[in-house]
Amino acid sequence: RKRIRCFYDVQHSLIEAGQEYAKENALRLPYSAIREVTEANNDGTCYDLVVGKITDDKLRGKLKEGLCLRLPQTDEKFQRCSVEHYDIHTGTLRVVLREHDRNLLCPQGELQELPNPAFKFQTDALDKMRTDTAENPRLEQMVLGGAPLPIPQTVQYTPAEGVRLNEKQLEAVQKALNTQDYLLVQGPPGTGKTSIIIEMVRQFVEEGKRVLICSQNNHAVDN
């Protein structure tokens with residue numbers, strides 16, 4: 001148990017360090033004017049914020065589509081908005097707001113990056129695993145047991161005509177169809193991870209199962 005306690009302590013320290021680093025390096029971007037955009041958007045109302053020309057590549061790289069920011073209001077509260085795109089030629093940042101009061105938005109102010117909720121999710125997940133309150137009671141054993149749990153071979157996978165996977169990729173799909181808990185597939189870029197995910201999803205859907213695809217960025221899900 002000493003080794004296991006050490007694991008939890010180290011993981012908590014890493015999460016806290018990451019949280020502190022993210023806080024210190026959070027984006028803060030002043031804007032000098034705000035104007036509503038008449039262009040239709042299904043997600044809410046678009047606004048162009050005049051932020052000026054951003055020459056810092058690192059800062060500009062942070063302004064990715066979907067980034068969540070806090071927009072100040074005159075009542076000293078904040079309105080959540082998401083980035084649509086930054087126009088380097090006009091120096092404007094287009095953001096999307098859902099439900100909001102237009103009259104409360106500050107005509108000038110500073111955008112602030114919202115805290116990343118992933119740190120809280122990670123801490124909560126560790127605490128649940130540590131106190132044996134996780135949804136899967138075998139989670140600690142799977143993560144820290146030192147050896148992978150056996151995967152039964154009750155489902156035999158036969159690739160459909162036109163599916164071109166190599167031996168290792170076929171093995172990964174076979175294991176995914178039979179695993180009872182989770183399957184970790186590792187591989188550098190270009191080794192076909194997206195291809196086998198597509199095939200896994202196809203097989204699960206054919207079995208009548210529901211599939212949730214999650215990723216740390218939107219582009220990976222789009223692919």
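Trainee: Let's start with the cysteines. How many disulfides does the structure hold?

Mentor: Zero disulfides are found in this predicted model. A disulfide needs two cysteine sulfur atoms within 2.5 Å. For cysteine 46, the nearest cysteine sulfur belongs to cysteine 81 and is 11 Å away. For cysteine 214, the nearest one is that of cysteine 68, at 16 Å.

Trainee: Is cysteine 46 buried or exposed? And what about cysteine 214, buried or exposed?

Mentor: Buried means under 20% relative accessible area, and exposed means over 50%. Cysteine 46 has 0% relative accessibility, so it counts as buried. Cysteine 214 has a relative accessible area of 61%, so it is exposed.

Trainee: Happy with that! Now the sheet: in which order do the strands lie?

Mentor: First the general idea: strands of a sheet pair through backbone hydrogen bonds, in either a parallel or an antiparallel way. Here seven strands make an open sheet, ordered E1-E7-E4-E5-E6-E3-E2, with antiparallel pairing. Strands E1 (28–31) and E2 (33–37) stand at the edges; each has a single partner strand, so one side of each lacks a neighbour in the sheet. On average, neighbouring strands of this sheet are turned by 35° against each other, direction ignored.

Trainee: Could you show me one pair? How many bridges join strand E3 to strand E6?

Mentor: Six bridges join E3 (residues 45–50) to E6 (residues 92–97), and the two run antiparallel. Within this pairing, leucine 49 stands opposite leucine 93 of E6.

Trainee: On to helices. What span should helix H5 have, and how far apart are its end C-alpha atoms?

Mentor: Helix H5 (residues 167–178) has 12 residues; at 1.5 Å a residue they should span 16 Å, and the end C-alpha atoms are 17 Å apart, which agrees. At the N-terminal end, asparagine 166 acts as a cap, with a side-chain oxygen 3.2 Å from the backbone nitrogen of lysine 168.

Trainee: Which residues of H5 are buried, and against what do they pack?

Mentor: A helpful rule is that an α-helix has 3.6 residues a turn, so residues three or four places apart point the same way. In H5 the buried residues are Gln169, Ala172, Val173, Gln174, Ala176, Leu177 and Asn178. They pack against helix H6 (193–206).

Trainee: Let's look from the other helix. What is isoleucine 196 in contact with?

Mentor: Isoleucine 196 is found in H6, and its relative accessible area of 4% makes it buried. Leaving aside neighbours within four places in sequence, isoleucine 196 is in contact with Leu165, Gln169, Ala172, Val173 and Val185.

Technical notes. Residues numbered from 1 in each chain as written. Predicted model: local features only at pLDDT ≥ 70, side-chain atom pairs only at ≥ 80, totals over all residues. Heavy atoms only, no water. Pairing = 2+ DSSP bridges. Helix = DSSP H or I, 4+ residues; strand = E, 2+ residues; numbered from the N terminus. Axes fitted to C-alpha atoms, helices over the stretch in contact; angles between N-to-C directions. Buried < 20%, exposed > 50% of the residue type's maximum accessible area, 1.4 Å probe, protein only. Expected span 1.5 Å × (residues − 1). Contact = heavy atoms within 4.5 Å. Polar contact = N/O pair within 3.5 Å; in protein donor to acceptor, adjacent residues only side chain to side chain.
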